[in-house]
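The following exercises concern salt bridges and backbone angles. Please attempt each task before reading its solution.

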Amino acid sequence: MNVDVTQKLHWDELILNALREDIPWEDVSANSVVNAHARGRVDLICKQDGVIAGLSVFVRTFALLDETAEAELSVQDGDEVKRGQKLGRITAGMRALLSGERTALNFLGRMSGIATYTRSAAKLLEGTHTKLLDTRKTTPGLRSLEKYAVRMGGGSNHRFNLSDGVLLKDNHISAVGSVTAAIESARAYAPFVRKIEVEVETLGQLEEALAAGADIVMLDNMDDETLKQAVKLAKGRAETEISGNVTKENIAKYVSYGVDYISSGALTHSAPVLDLSLKNLKPLTV
């Protein structure tokens, strides 16, 4: 499997750190039962229905342990998979297969779980103009992997980091005293190509943000009736985003409001891991 250069630059170090955590100096179990030259082949099996994501990371884990590792995969990221389905197999040095198994599955299971959860939420928005967004509520150090998994599930990425865009939240507003002051300061400081998004919690704050020229308004933790009024007030004046305790269980009710974006931290912080396994390890004669 080809690995994008950008992915290698960012993902290799994540994988290596995880491998170092699991193999601080040696895998005493693997090294005690197989010799350094033994080779093997093992099957990747799906143990529950879901959406697969992270295959490049999965394969790369073994390649970093054994540069001769080879993958034969019958699926690609974003595919829906079924319980009991064989997704492919890995051929490599036996020690690499044994030592990399848990790390590779941890990445693949975590990313596939996020893609699966995202897909279930994204399907509820099909046929509308509303985009499903993730947040920065990600596992420290693993944001690029988790946001990639969101895309594989059919969601879109909000900003990746604090350098990526202007989002003025309640504490930014408190720091300068008002919504207007916060927007004016951001407009004067940020490059003109940056959009300015402002979090508002009341209709009064919304009116102030719109008057000050906010490009996007994040309607945070508003009750349903206030949300409906807010979207109407902002229509044609700013893009709208609903945020705050949004999950796949309640996201459908927001579709009829006509909002532009719905962001959900649950995509990354509440997605259960997809159950996957490496089975049928067979030694190969050299």
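Helices (H or I, at least four residues) and strands (E, at least two) are DSSP runs, numbered from the N terminus. The model is predicted: local features need pLDDT of at least 70, side-chain atom pairs count only at pLDDT 80 or more, and totals for chains, interfaces and linings use all residues. Residues are numbered from 1 along each chain as its sequence is written, and side-chain values use heavy atoms, with hydrogens and water left out.

**Exercise 1.** Determine where Asn 245 lies and whether it is buried or exposed.

*Solution.* Step one: Asn 245 belongs to the loop between strand E10 (239-243) and strand E11 (261-263). Step two: its relative accessibility is 67%, so Asn 245 counts as exposed; buried means under 20% relative accessible area, exposed over 50%, partly exposed in between (1.4 Å probe, protein chains only). Step three: Asn 245 is not a glycine, yet has a positive phi of about 55 degrees. Most residues other than glycine have a negative phi.

**Exercise 2.** State which parts of the chain the salt bridge of Asp 134 and Lys 147 links.

*Solution.* Step one: a salt bridge is a side-chain nitrogen of Lys or Arg within 4 Å of a carboxyl oxygen of Asp or Glu. Step two: the side chains of Asp 134 and Lys 147 form such a bridge at 2.6 Å, N to O. Step three: the pair joins distant parts of the chain, with Asp 134 in the loop between strand E6 (131-133) and H5, and Lys 147 in helix H5, 13 residues apart. Step four: Asp 134 is buried at 0% relative accessible area, and Lys 147 is buried at 0%.
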